[in-house]
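Visitor: I am new to this structure and would like to understand the terms used for it. Could you show it to me and explain how each label is earned?

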Amino acid sequence: MTKTSKTLKLIFKNDHNKVSTLSLPYASANLTEAEVKEVMDTIAKENIFAKEGVGLYTEPQAAQYVERTINPIFTTTKSKHPIAPAIN
């Protein structure tokens, strides 16, 4: 059974001018450019995400939906692997 998921990736520059990505796996699939830009601008303005004193999402760069498809080859009935659910 093929399984597909869609994740919204928000791409920013951080305080050190390096790329930081915020992944949102449960985002609405029909967001407009204006809606996403507004949210990204708010995230950057509020600057509430930091690691070791470095602001992580300070300058919006891009946003994109990334689709991932999983095509299992086999699995055991006792499989606990998160991407290969057990067959009932």
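Guide: Let us begin with the strands of this predicted model. S1 and S5 run antiparallel and are joined by eleven bridges; among the partners across them, Lys6 is matched with Glu67 in S5, and Thr7 with Val66 in S5.

Visitor: What makes S1 and S2 a pair of strands?

Guide: Two strands pair if at least two bridges are found between them, and S1 and S2, the latter covering residues 19-24, have six bridges in the antiparallel sense, so they count as paired. Within this pairing, Ile11 stands opposite Thr21 in S2. The two strands form a hairpin with five residues between them, and in the turn Asn17 has a positive phi of about 65°.

Visitor: Why are S2 and S5 said to stand at the edges?

Guide: The open sheet consists of three strands in the order S2-S1-S5, with antiparallel pairing. S2 and S5 each have a single partner strand, so one side of each is left without a neighbour in the sheet. On average, neighbouring strands of this sheet are turned by 25° against each other, direction ignored. Helix H1, residues 33-46, lies across S1, S2 and S5 and runs at about 120° to S5.

Visitor: Why is the pair of Phe12 and Tyr57 called tilted?

Guide: The ring centres of Phe12 and Tyr57 are 5.2 Å apart, and the limit for a pair is 6.5 Å; their planes are at 55°, which is neither under 30 nor over 60 degrees, and therefore the pair counts as tilted. Phe12 lies in strand S1 and Tyr57 in the loop between strand S4 and strand S5, so the pair ties together parts that are 45 residues apart in sequence.

Visitor: What makes the pair of Phe49 and Tyr57 edge-to-face?

Guide: The centres of these two rings, Phe49 and Tyr57, are 5.4 Å apart and the planes are at 75°; since the label asks for over 60 degrees, the pair is edge-to-face. Ring pairs thus link Phe12, Phe49 and Tyr57 into a cluster.

Visitor: How do you know whether Tyr57 is buried or exposed?

Guide: Buried means under 20% relative accessible area, and Tyr57 has 11%, so Tyr57 is buried. Phe49, at 36%, counts as partly exposed, because this value falls between 20% and 50%.

Visitor: How do you know that the charged end of Lys6 sits over the ring of Tyr65?

Guide: That charged end of Lys6 is 5.2 Å from the centre of the Tyr65 ring, and the distance limit is 6 Å.

Conventions
Residues are numbered from 1 along each chain as its sequence is written. This is a predicted model: local features need pLDDT of at least 70, side-chain atom pairs count only at pLDDT 80 or more; totals for chains, interfaces and linings use all residues. Side-chain values use heavy atoms; hydrogens and water are left out. Rings of Phe, Tyr and Trp (its six-membered ring) pair if their centres lie within 6.5 Å; planes under 30 degrees apart count as stacked, over 60 as edge-to-face and the rest as tilted. Helices (H or I, at least four residues) and strands (E, at least two) are DSSP runs, numbered from the N terminus. Buried means under 20% relative accessible area, exposed over 50%, partly exposed in between (1.4 Å probe, protein chains only). A charge sits over a ring if NZ of Lys or CZ of Arg is within 6 Å of the ring centre and within 35 degrees of the ring normal. Axes are lines fitted to C-alpha atoms, for helices over the stretch in contact, and angles run from 0 to 180 degrees between N-to-C directions. Contact means heavy atoms within 4.5 Å.
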